[in-house]
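Thanks for coming. I will take one structure, begin with a pair of strands and work outwards to the whole chain.

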Amino acid sequence: MSGKVFLEYDQVQLDHEMNLRGRWPEHQSYFDRWAADSLHVRKTYNCHSDLAYGDTPGQKLDLFLPGGEERAQRPAKTPLLAFIHGGYWKSLDKGDFSYLAPAYLERGIAFASLNYDLSPKADIGEMVAQVHRGLAWLVRRAGEYDLDPSGLYVAGHSAGGHLAAMAVNPAWTAAYDLSPEVIKGGCSVSGVYDLAPVALSFQQEELQIAPRVVESFSPLTNVPAAAAPLICAVGSDETAEFIRQQGVYVEAWRQKGLSCQVIDLPGDNHFSAADRLGERDHPLYLALLELTSS
């Protein structure tokens, strides 16, 4: 038997923990449904597509705005939820997650879905910087879309959960002359909080995660001293490593005295967990709705 490469995992075990599509071979059925439902949403709702926030092809976002009736329910400017897609930093697209938008639009909350350059065009550090640039773009152009510039919330799934966690850390805001309080809350679903096991797994062949990236861009090694409230959720049927990582990250967050709410996702796998963000009677959606309405 091979030696341990990370915690109690040998190489075969660690690769198994990091192989999400192999663990759930039905993943393509999720991707197909997400894409079909999302196309319908973009055709049906008020969507500003492919707004460029940077110079490279991946730096674009889709912005959905609630209708006049929904906006009229709110006395203040429209809050915005910015969503960051997953795909192990190397696949999927902002357009695959438009299907989540209606649940927020009908409550008067704008919804943005962000793209970023994927591996191998960018490394994870560059992706983190691009997401920050996209969020700053949304804040600076809030007036053009009648959005609340102080009401920005961020959410993400899987690799997007990692990027959302890095965005909730306000260390990046000074570079854009923004208040560290510009992010009002965050939500990470099935997130990656420690890049070390990813870099030690078979995923490294494609992702090429440098040691400096592991240290500088793992949320677990960059827990802020102060930050907005965070919601974390991981499916009970996900791999043990994803469940472990959330537990360690939540504990580190709370040890700093920060607010972190954990929402249980019984029976959910890595892919079904994303759907709960748009399921109107699910505790995860309701928790995020309460956060964005606060």
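Start in strand β6, where A112 is the bridge partner of A82. That bridge belongs to the pairing of β5 with β6 (residues 110-114), which is parallel and runs over 5 bridges. Strands here are DSSP runs of E with at least two residues, helices are runs of H or I with at least four, and both are numbered from the N terminus. Two strands count as paired if DSSP finds at least two bridges between them.

Before going on, the conditions. This is a predicted model, in which local features need pLDDT of at least 70 and side-chain atom pairs count only at pLDDT 80 or more, while totals for chains, interfaces and linings use all residues. Residues are numbered from 1 along each chain as its sequence is written, and side-chain values use heavy atoms, with hydrogens and water left out.

Back to β5. It also pairs in the parallel sense with strand β7 (residues 147-157), over 6 bridges, and there I84 has G156 as its bridge partner. How many residues of β5 are buried? The count is 7 of the 7 in residues 78-84, so the strand is largely enclosed by the rest of the structure. Buried means under 20% relative accessible area, exposed means over 50%, and partly exposed is in between, with a 1.4 Å probe and protein chains only. In a regular strand the side chains alternate between the two faces of the sheet. In β5, T78, L80, A82 and I84 point one way, P79, L81 and F83 point the other way, and all are buried.

A82 also leads to the core. It is in contact with L135, whose other partners beyond four places in sequence are L114, L152, A167, W172 and I183; contact means heavy atoms within 4.5 Å. L135 is among the residues with the most contacts inside the largest nonpolar core, which has 104 residues. Helix α6 (residues 124-140) gives the most to this core, with 9 residues. A nonpolar core is a set of buried Ala, Val, Leu, Ile, Met, Phe, Trp, Tyr and Cys residues joined through side-chain atoms within 4.5 Å.

A167, one of the partners of L135, is in helix α7 and is buried. That helix, residues 159-168, is mostly covered, with 10 of its 10 residues buried.

Next, a charged residue: D62, in strand β4 (residues 60-64). Is D62 buried or exposed? It is buried, with a relative accessible area of 2%. A polar atom of the D62 side chain lies 2.9 Å from the backbone nitrogen of D50. Beyond four places in sequence, D62 touches residues including R42, H48, K94 and A112, and A112 is the β6 residue we started from.

By contrast, take A36 in helix α3 (residues 27-44). A36 is partly exposed, at 48% relative accessible area. Its C-alpha is 8.2 Å from that of D96, although the two are 60 residues apart in sequence.

Finally, the whole protein. It has 13 helices and 10 strands, and 59% of its 294 residues are buried. The C-alpha trace spans about 65 × 40 × 35 Å along its principal axes. The radius of gyration is 18 Å, which agrees with the value near 19 Å for a compact globule of 294 residues; it is taken over C-alpha atoms, and the globule rule is 2.2 Å times the number of residues to the power 0.38.

Notes
Polar contact = N/O pair within 3.5 Å; in protein donor to acceptor, adjacent residues only side chain to side chain.
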